[in-house]
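User: I would like a close look at one part of this model, namely a strand and what surrounds it. Please set it in its context, and tell me how far the coordinates can be trusted.

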Amino acid sequence: MNALLESILEAHGGLDRWKRYAKVEASIVSGGGLFALKGLPQDSTPRRMTVWLHEERASVMPFGAPDQRTMFTPERVAIEKLDGTLVAERHAPRDSFAGHQMNTPWDPLHRAYFNGEALWTYLTTPFFLAMDSVRVEETQPWREGAETWRVLRAYLPGTIETHCLVQDFFFGEDLLLRRHDYTVTVAGGFAAAQLVSDYTEANGIRLPTQRRAYARTSDRQPIRDLLMVSIAIDDVRFEQEGDGTKR
């Protein structure tokens, strides 16, 4: 394993501890200008997000109605009732974004897909970077005010549904994540710089609770007037396999 990544994983709680858990649940409140551009403005209602840690699978509830939730995997996205009754589904969901630009309208299944792939990425960072199919390398450090952040560039396989196949992760002197850069290929490929802050510790795992994704200039500066997506995370719980106990 890349030596820097190994130290980063340890700073966030350690890979051995991460492997003890099967999924994570958290309350999320989302906002930002992207959703209005897509014709689906986001309200400030807290929602419960579930992400499976060792397979790409995610769900959020409520979605569209109090008794509905999403179910996301790379192969399929669905909206269903809490009893499992199917409301709508789409197979090979990424294909439905072909030709989309930043202001191309989304339907609810587009939104469900974006929520699933984005929150899976965020809630498994940085541990998913240790997957066998992911390659990482350290690139030039980034100067942020008086701080120098180390940068890992990740090359992701096409089997992972995420924003794009090459992403940059910035880590402070304490080796905690400070920033995440990517392009949003499902929305015209606009460049984003996501700033993260306000760390919490849940079950020994450290993760940021505030995420703010801004449009990014060609010289990698976030455009503070263009907040595209905001996510506030609370009440984080990791769950072990089998007994359903939250520890």
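**An enclosed strand and its surroundings**

Analyst: In this predicted model, strand β2, which covers residues 47-52, is largely enclosed by the rest of the structure, because 6 of its 6 residues are buried. Its side chains point in two directions, with R47, M49 and V51 on one side and R48, T50 and W52 on the other, and all of them are buried. Being buried here means a relative accessible area under 20%.

On either hand, β2 has a pairing partner. Strand β1 (residues 21-31) pairs with β2 in the antiparallel sense over 6 bridges, and within this pairing I28 has R47 as its bridge partner in β2. Strand β3 (residues 57-61) is also antiparallel to β2, with 5 bridges between the two, and here V51 is matched with A58 of β3. β2 and β3 together make a hairpin, with 4 residues between them.

A helix residue links to these strands as well. N115, which is found in helix α4, is in contact with I28, M49 and V60, once its neighbours within four places in sequence are left aside. N115 counts as buried because its relative accessible area is 5%, a value under the 20% limit.

Helix α4 also takes part in the internal cavities, of which a search of the whole structure finds 2 with a volume of 30 Å³ or more. The largest holds about 120 Å³ of space and is lined by 18 residues, with F35, F114, A118, Y122 and V229 lying nearest its centre. α4 contributes the most to that lining, with 6 residues, while α3 (33-37), β10 (177-184), β11 (190-202) and β13 (222-240) are among the other elements that supply at least two residues each. By class, this lining consists of 14 nonpolar, 3 polar and 1 charged residues.

The second largest cavity has a volume of about 40 Å³, and its lining includes W18, Y122, L123, T124, T125, R206 and F238. Both α4 and β12 (205-216) supply at least two of its lining residues, and the lining as a whole has 7 nonpolar, 2 polar and 1 charged residues.

Some backbone details deserve a careful check, since most residues other than glycine have a negative phi, and most peptide bonds are trans. The peptide bond from M61 to P62 is cis, with omega near -5°, and P62 lies in the loop between β3 and β4 (68-73). A further cis peptide bond joins T125 and P126, with omega about 5°; P126 is placed in the loop between α4 and β7 (135-144). A92, in the loop between β6 (86-91) and α4, has a positive phi near 45° although it is a residue other than glycine, and A92 is partly exposed at a relative accessible area of 38%. D235, within strand β13, likewise is not a glycine and has a positive phi of about 50°, and D235 counts as partly exposed at 33% relative accessibility.

As to trust, the protein chain averages a pLDDT of 95, and 98% of the residues score at least 70. Over residues 243-247, however, the pLDDT is below 50, and this stretch has 11 contacts in the model beyond near neighbours in sequence. Where pLDDT is low, the predicted coordinates should not be read in detail.

Note on methods:
Residues numbered from 1 in each chain as written. Predicted model: local features only at pLDDT ≥ 70, side-chain atom pairs only at ≥ 80, totals over all residues. Heavy atoms only, no water. 1 Å grid on protein atoms, 1.4 Å probe; cavity = no way out; pocket = protein on both sides within 12 Å on 5 of 7 lines; lining within 4 Å. Points joined across faces, edges and corners; volume = space filled by probe spheres on them. Nonpolar A, V, L, I, M, F, W, Y, C, P; charged D, E, K, R; others polar. Buried < 20%, exposed > 50% of the residue type's maximum accessible area, 1.4 Å probe, protein only. Pairing = 2+ DSSP bridges. pLDDT = per-residue confidence, 0-100. Contact = heavy atoms within 4.5 Å.
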